[in-house]
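Here are some exercises to work through with the model open in your viewer. Try each task before you read its solution.

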Amino acid sequence: MKNIKFILAGIFFGIVLTKGEAISWYRMQEMFHFQSFHMFGIFMTAIPVGALSIMVLRKLNIKTTEGDSISIPDKTFHKGIIFGSLIFGFGWALTGACPGPIYAQLGSGVLVTIVTLASALFGTWTYALVRENLPH
């Protein structure tokens, strides 16, 4: 019962994604074909909101609900990021879903998304299996 806040946040996030049409395969195809501004508008709103949120978290030294400090580690660049982002982008273009919307698509009854979820889980499992041999 202590995780109810996370369940409610997930439900809210799913509703926002659904109402904003961010789970629509057609919207994704429009974006990747540069035929519509809709998804680009969502991203251009999300990026400054995320940046401002991080700035506020750091400036006000906001803690987690358990009272722990929030730390956001610095990310270092390596060539694996290029390969990973290409694989991610191809999967996103083919399926019309990145990890968050997969669950919203399933929740809205798009059952073919089970294939997308299974593929994402298989890709994650494969990465864990070969991680030690990859250039990091």
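Before we start, a sorting rule: Ala, Val, Leu, Ile, Met, Phe, Trp, Tyr, Cys and Pro count as nonpolar, Asp, Glu, Lys and Arg as charged, and the others, Gly among them, as polar. This is a predicted model, where local features need pLDDT of at least 70, side-chain atom pairs count only at pLDDT 80 or more, and totals for chains, interfaces and linings use all residues. Residues are numbered from 1 along each chain as its sequence is written, and side-chain values use heavy atoms, with hydrogens and water left out.

**Exercise 1. Get the overall picture.**

Work out what secondary structure the chain has and what pattern it follows along the sequence.

Step 1: Take helices (H or I, at least four residues) and strands (E, at least two) as DSSP runs, numbered from the N terminus. The chain then has six helices and zero strands, in the order α-α-α-α-α-α.

Step 2: Box it in. Along the principal axes, the C-alpha atoms fill roughly 40 × 40 × 35 Å.

Step 3: Check the burial. Buried means under 20% relative accessible area, exposed over 50%, and partly exposed in between (1.4 Å probe, protein chains only). Of the 136 residues, 15% count as buried.

Step 4: Look at the contacts, meaning heavy atoms within 4.5 Å. Among those with a separation of 6 or more, 39% come from residues 24 or more positions apart.

**Exercise 2. Explore the largest pocket.**

Find which residues lie nearest the centre of the largest pocket, and which element gives the most to its lining.

Step 1: Set the terms. On a 1 Å grid over the protein atoms alone, a pocket is an open set of points where a 1.4 Å probe fits, with protein on both sides within 12 Å along at least five of seven lines; lining residues have an atom within 4 Å of a point. A volume is the space filled by probe spheres set on the points, which are joined across faces, edges and corners.

Step 2: Read off the size and lining. The largest pocket holds about 930 Å³ of space. Its lining has 28 residues, and Gly84, Ile87, Phe88, Gly123 and Thr124 lie nearest the centre.

Step 3: Assign the elements. Those giving two or more residues to this lining are α4 (80-95), α5 (99-107) and α6 (113-130). The most comes from α6, with 10 residues.

Step 4: Sort the lining by type: 17 nonpolar, 11 polar and no charged.

**Exercise 3. Move to the second largest pocket.**

Work out how the residues lining the second largest pocket divide into nonpolar, polar and charged.

Step 1: This pocket has about 210 Å³ of space.

Step 2: Pick out the lining, which includes Phe13, Leu17, Met39, Phe43 and Trp92. The elements giving two or more residues to it are α1 (4-19) and α3 (38-60).

Step 3: Sort them. You get 11 nonpolar, one polar and no charged.

**Exercise 4. Place a glutamine.**

Is glutamine 105 buried or exposed, and what does its side chain reach?

Step 1: Locate glutamine 105 in helix α5. Its relative accessibility is 4%, so it counts as buried.

Step 2: Look for a polar contact (a pair of N or O atoms within 3.5 Å; within protein, one must be able to donate a hydrogen and the other to accept it, and residues adjacent in sequence count only if both atoms are side-chain atoms). The glutamine 105 side chain reaches the backbone oxygen of isoleucine 23 at 2.8 Å.

Step 3: List the company. Not counting residues up to four places away in sequence, glutamine 105 touches Ile23, Gly96, Ala97, Val110 and Thr113.

Step 4: Widen the view. Pro101, Ile102, Ala104 and Gln105 are the buried residues of α5, and their cover includes α1 and α6.

**Exercise 5. Inspect positive phi values.**

Find where glutamate 21 and asparagine 61 lie.

Step 1: Recall the background: most residues other than glycine have a negative phi.

Step 2: Glutamate 21 has a positive phi near 60°. It lies in the loop between α1 and α2 (25-32) and is partly exposed at 36% relative accessible area.

Step 3: Asparagine 61, also not a glycine, has a positive phi of about 50°. Its place is the loop between α3 and α4, and at 48% relative accessible area it is partly exposed.

Step 4: Finish with a glycine. Glycine 109, which follows α5, has a positive phi near 95°.
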